[in-house]
Structures are given as structure tokens and as C-alpha cells.
Amino acid sequence: MSFNEQRSSMLHGILLIALFACAAFYIGEIRVLRELSISPMIIGIVLGMIYANSLRNNLPATWVPGIVFCSKKILRLGIIFYGFRLTLGDIAEVGLAGITVDAIIVITTILGGVFIGKLLKMDGETALLTSVGSGICGAAAVLGAESTIQTKPYKTAVAVATVVIFGTIAMFIYPIGYRTGFFALQPNEMGIYAGSTLHEVAHAVGAGNAMGEEVSNVAVIVKMIRVMLLVPVLLVLAWWVAVKRAKSGAKGDKGKLSVPWFAIGFLAVICFNSLDLLPAAVVDGINYFDTFLLTMAMAALGAETSFDKFKKAGAKPFILAFILFIWLMGGGYLLSKYLVPLFI
């Protein structure tokens, strides 16, 4: 096959995934899905999985490289552009209390999840992806970690499924608990609680809006600071992968640190966005385009995931995600109620 033919075949695979992303955006406009804050990214991976378990065998083999391109290269580009949603000023707005709670939640959730995964005798990579997704920012964190440790697509899909399920449940529980007085927290404390423990950015936005502007503003800022913590986590993961390869004696990789440059790019974009050089309309357009890129990446991952692989993963990832869900709700509540007032 000539170079032009290879490029054309890859383009076919990319266009197929782009069509899935367009369909995800269209379906995402359904009223009930918008009210539930179901993002096109989640719809994208569902569409990809439906395709993988129905018509996937009819796909020409020459199109596969295009799908892989979307799940790898476009994914990393999407993570970089994700930085346009954040500024360094977000940190100053929420204060030391929110930063401290975020850091504690992220560290304990990831380390605790990996430890519990070992107790459950889970696959280590699946446990890590599930823990990172629960601890930082849901699907986007899972995708970032996947690009760093280079694991199999079905493990990524399993981890994404867990954070979507429990994050959506929490999005309904938090407003009910706050409105009924079950969560005995001040608006600022409730905002920190929601932002530091809800899985997805969409979950924080949806739950925050249901609890009022005073809670919502704090919740979103705290959540976005938590997203920033993805950078140091990915750098640590890159170091961990290098050490693991060195111990295993893998040829060509021994002692080599594979730096996740997309994470550095993500941080660079945050710094650039903090300068406020671009009009708000331009930033909004970039964010919309970025959501499309991430939706393509999710659809591509879904297209590589069959239900047989879900069966292979078993129930353990969901058990781990449930344990982390209980920790986020219980531990996050205690931190917000008793630690946050110490900073005021």
C-alpha cells in the first residue's frame, strides 16, 4: 500500500470517529440529557461501544489506524486544550482551604484506591485508572493517565464507566442532602465539599447549579483546581512507569523517563490563559472545539471496547469505585466540615 493510500485509509477511520462525535453532540442536546449534565464525551464512548459490539467486524482493517490515531494523538491534543478552561487566578479565588482539601482528596483517593485494588487482587492498571478518575476529574483524568501508562483501551473504558456511574449518583445526592439539611454545611463549605469530591466537572456544575449560585461558584473553582492537579499526578505516573520498566529490565526502556509532554502543554496553556489575552468568545470557541476532540477520543476508545472485555474485567473495578465513592462522600464531608473552618 502506497503512502497516499495509507493516509487515505487513516483519514477514513478519523472521519468515522468524527461522525460519532457529531452524533454525540446532537444526542447531547436532548433536554433530559442536558438537565442531567450528561456530556457529549460520555455519549461518545457509549456510541463507540455500541459500534464495537455490533458492526465493528465489518470495518475495513485499513481504517483501524485512524481510530487508534483518535484514541492517542487527538486525545493528547484535547487534554492540552483543556487548559483553556482554567487560570492561575482560580487558585487565589478559592483560597488555601480549597487547595488543601483538594490535595488531600486527590492523594488519599489515588493511593488508597491502588492499595484497595491490590487487596481485591485487581489488575493494577485498571485500579490505577479507576482511582485517578475518582480522585481528580473523571473521564478526562482517566484519559490523561491512559496516555501516560499506555494501557489497553478496554481498561480505560471500564474506568470511565465507573466514574460516570458513581459521579452521576453523587450529582443527585448532594443537592438533596444540602437542601434537606442532611449536609450541615455553610454554602462555602458545601461548595468546597462538592468541588473536591464530585467526579466530573459536569457533575460539579450540575450539582452546584441545583444548590444555588453561592455554592456553585465555589464548587466549580475548587473542581477546576482539582483538575490542575492532573499535571503533577501525570508526571509522577511517568516516573513510576520508568521505575517499573527499569526493575523489569525492559530493553531500550531501562531507566528512561517518558515525560508526558501533553501534561506540560496543558500547564503551559493554563499559564497562557491566565494572561487573559484572548477574547471570551474565542476561549469559548476553543473549549467547544476541545470538547469535540475529547468526544472523538472517547468514541475511539469505545470502538476498541467489546462487552467481552468488560466481562474479563469483572465486578472488581465497580467494587473499588463504590468504595472510593463512599470515601469521597464521607471523608470529603468531614474535611469540609472540620478542616475548612480552620482556614477562615
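## Close-up views of an all-helix chain

**View 1. H9 and H16 cross in a right-handed way.** This is a predicted model, and here we look at one helix pair in it. From H9 (residues 187-197), the contact draws on Glu189, Ile192, Tyr193 and Thr197, while H16 supplies Leu328, Met329, Gly332, Tyr333 and Ser336. Sorted by class, that makes 5 nonpolar, 3 polar and 1 charged residues. The two axes come within 9 Å, with a crossing angle of roughly 145 degrees, and H16 itself covers residues 316-339.

**View 2. The whole chain, for orientation, has 16 helices and 0 strands.** Its C-alpha atoms fit a box of roughly 65 × 45 × 40 Å along the principal axes. The radius of gyration is 20 Å, which agrees with the value near 20 Å for a compact globule, given the 344 residues. Of those 344 residues, 52% count as buried. Take the contacts with a separation of 6 or more: 83% of them join residues 24 or more positions apart. On the outside, the accessible surface is about 15600 Å², with 68% of it belonging to carbon and sulfur atoms.

**View 3. His199 sits in the loop between H9 and H10.** Loop or not, His199 is buried, because its relative accessible area is just 2%, under the 20% cut-off. What does His199 touch, leaving aside residues up to four places away in sequence? One stretch of partners is Gly133, Ser134, Ile136, Cys137 and Gly138, and the list also takes in Val163, Phe166, Gly167, Lys223, Arg226, Phe325 and Leu328. Cys137 is 62 residues away in sequence, yet the C-alpha atoms of His199 and Cys137 are 5.4 Å apart. Leu328 turns up again from View 1, where it is part of the H16 side of the helix contact.

**View 4. Glu146, a residue of helix H7 (residues 139-149), is tucked away.** Is Glu146 buried or exposed? It is buried, at 1% relative accessible area. Setting aside residues up to four places away in sequence, Glu146 touches Ser71, Lys72, Leu75, Leu129, Thr151 and Thr156.

**View 5. Thr295 lies in helix H14 (residues 280-303).** Thr295 has a relative accessible area of 0%, so it counts as buried. Beyond residues up to four places away in sequence, its partners are Ala21, Ala24, Phe25, Pro40, Met41 and Gly44.

**View 6. Lys247, in helix H12 (residues 230-248), is on show.** With a relative accessible area of 74%, Lys247 is exposed. Thr156, a contact of Glu146 in View 4, makes a handy reference point. Lys247 and Thr156 are 91 residues apart in sequence, and their C-alpha atoms are 25 Å apart in space.

**View 7. Lys121 and Asp276 are two loop residues with positive phi.** Most residues other than glycine have a negative phi, so this pair deserves a look. Lys121, which is not a glycine, has a phi of about 60 degrees and lies in the loop between H5 (89-119) and H6 (124-135). For Asp276, phi is near 55 degrees, and its loop links H13 (261-274) and H14. H14 is the helix that holds Thr295 in View 5. Lys121 is exposed, with 71% relative accessible area; Asp276 counts as exposed too, at 63%.

Definitions and conventions
Residues are numbered from 1 along each chain as its sequence is written. This is a predicted model: local features need pLDDT of at least 70, side-chain atom pairs count only at pLDDT 80 or more; totals for chains, interfaces and linings use all residues. Side-chain values use heavy atoms; hydrogens and water are left out. Axes are lines fitted to C-alpha atoms, for helices over the stretch in contact, and angles run from 0 to 180 degrees between N-to-C directions. Helices (H or I, at least four residues) and strands (E, at least two) are DSSP runs, numbered from the N terminus. A crossing is left-handed if the near helix is turned anticlockwise from the far one by less than a right angle, and right-handed if clockwise. Contact means heavy atoms within 4.5 Å. Ala, Val, Leu, Ile, Met, Phe, Trp, Tyr, Cys and Pro count as nonpolar, Asp, Glu, Lys and Arg as charged, and the others, Gly among them, as polar. The radius of gyration is taken over C-alpha atoms; the globule rule is 2.2 Å times the number of residues to the power 0.38. Buried means under 20% relative accessible area, exposed over 50%, partly exposed in between (1.4 Å probe, protein chains only). Accessible areas come from the Shrake-Rupley method with a 1.4 Å probe; for residues, only the protein chains shown count as cover.
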